[in-house]
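Visitor: I'm new to this structure and would like to learn how to read it. Could you walk me through it, one feature at a time?

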Amino acid sequence: MNQAKLMDVLLAPHVSEKATLVGDAHNQNVFKVRRDASKTDISKAIELMFDVKVQSVSTVNVRGKQKRFGGRRGRQGDWKKAYVTLAPGSEINLLAGE
């Protein structure tokens with residue numbers, strides 16, 4: 001994959017209570033990624049954007065929730081998240097704006 005496509009793989013960091021606990025305990029970061037992204041694409045994109053070494057990547061396909069909009073039923077879109085385990089000594093600081 002070329003660098004332009006790798007830059008589009010990561011959509012946003014996923015910040016939640018569970019993501020924070022996983023990050024502290026296992027040196028992992030959680031990202032919202034494109035639904036068609038593979039684990040190797042995600043790994044290469046992280047290494048390119050943040051200049052860190054990735055140890056492993058786990059992905060989860062998240063189904064959209066059923067919601068009501070007034071009297072009508074609707075459904076949020078499905079999305080994919082990636083748990084990225086960094087190599088020992090590597091760190092991504094998302095709050096510092098690296």
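Guide: Happy to. Let's begin with a term: two residues are in contact when heavy atoms of theirs lie within 4.5 Å. Keep in mind, too, that this is a predicted model.

Visitor: Okay, what share of the contacts with a separation of 6 or more is between residues 24 or more positions apart?

Guide: In this protein chain, 59% of the contacts with a separation of 6 or more come from residues 24 or more positions apart.

Visitor: How many helices and strands does the protein chain have, and in what pattern?

Guide: There are three helices and six strands. Going along the sequence, you read α-β-α-β-α-β-β-β-β. As for dimensions, the C-alpha atoms fill a box of roughly 50 × 30 × 25 Å along the principal axes.

Visitor: How do I tell what's inside and what's outside?

Guide: Use relative accessible area: under 20% is buried, over 50% is exposed, and in between is partly exposed. Of the 98 residues here, 34% count as buried.

Visitor: Let me try that on Lys-5. Is Lys-5 buried or exposed?

Guide: Lys-5 has 51% relative accessibility, so it counts as exposed. You'll find Lys-5 in helix H1, residues 3-7. For a sense of distance, Lys-5 and Gly-77 are 72 residues apart in sequence and 22 Å apart in space, C-alpha to C-alpha.

Visitor: And what about the buried residues? Which of them form the largest nonpolar core?

Guide: First the general idea: in soluble globular proteins, nonpolar side chains tend to be buried together. In this model, the largest nonpolar core has 17 residues, and those with the most contacts inside it are Leu-10, Phe-31, Ile-42, Ile-46, Phe-50, Val-84 and Ile-92. Two or more core residues come from each of strand E2 (28-33), helix H3 (39-50), strand E3 (54-62) and strand E6 (79-86). H3 gives the largest share, four residues.

Visitor: Let me pick Phe-31. Why does Phe-31 count as buried?

Guide: Phe-31 counts as buried because its relative accessibility is 2%, and the cut-off for buried is under 20%. Leaving out residues up to four places away in sequence, Phe-31 touches Leu-10, Ala-12, Pro-13, His-14, Ile-46, Phe-50, Lys-80, Lys-81, Ala-82, Val-84, Ile-92 and Leu-94.

Visitor: I spot Phe-50 in that list. How many aromatic pairs are there in the whole structure?

Guide: A search of the whole structure finds one. Phe-31 and Phe-50 make that pair, and it is tilted, with 5.9 Å from centre to centre and 35° between the planes. The pair links distant parts of the chain: Phe-31 sits in strand E2 and Phe-50 in helix H3, 19 residues apart. Phe-50 is buried as well, with a relative accessible area of 18%.

Visitor: Ala-12 was on the list too. What does Ala-12 touch?

Guide: Setting aside neighbours within four places in sequence, Ala-12 is in contact with Phe-31 and Lys-32. Ala-12 belongs to strand E1, residues 10-13. With 30% relative accessibility, Ala-12 counts as partly exposed. Ala-12 and Lys-81 are 69 residues apart in sequence, while their C-alpha atoms are 9.5 Å apart in space.

Visitor: Now for empty space. How do I look for pockets?

Guide: Rolling a probe the size of a water molecule over the atoms shows where empty space is left. Here, the largest pocket holds about 410 Å³ of space. Its lining has 17 residues, with Ala-19, Thr-20, Asn-29, Ile-92 and Leu-94 nearest the centre. Helix H2 (17-26) and E2 each give two or more residues to this lining, and H2 has the largest share, four residues.

Visitor: How many residues of that lining are nonpolar, polar and charged?

Guide: Seven are nonpolar, eight polar and two charged.

Visitor: Last one: backbone angles. Where is phi positive in a residue other than glycine?

Guide: Asn-27 is one case, with phi near 55°. Asn-27 lies in the loop between H2 and E2 and, at 29% relative accessibility, counts as partly exposed. Asp-51 is another, with phi near 55°. Asp-51 is in the loop between H3 and E3, and its 69% relative accessibility makes it exposed.

Definitions and conventions. Residues numbered from 1 in each chain as written. Predicted model: local features only at pLDDT ≥ 70, side-chain atom pairs only at ≥ 80, totals over all residues. Heavy atoms only, no water. Core = buried A, V, L, I, M, F, W, Y, C linked by side-chain atoms within 4.5 Å. Buried < 20%, exposed > 50% of the residue type's maximum accessible area, 1.4 Å probe, protein only. 1 Å grid on protein atoms, 1.4 Å probe; cavity = no way out; pocket = protein on both sides within 12 Å on 5 of 7 lines; lining within 4 Å. Points joined across faces, edges and corners; volume = space filled by probe spheres on them. Nonpolar A, V, L, I, M, F, W, Y, C, P; charged D, E, K, R; others polar. Phe/Tyr/Trp six-rings, centres within 6.5 Å; stacked < 30°, edge-to-face > 60°.
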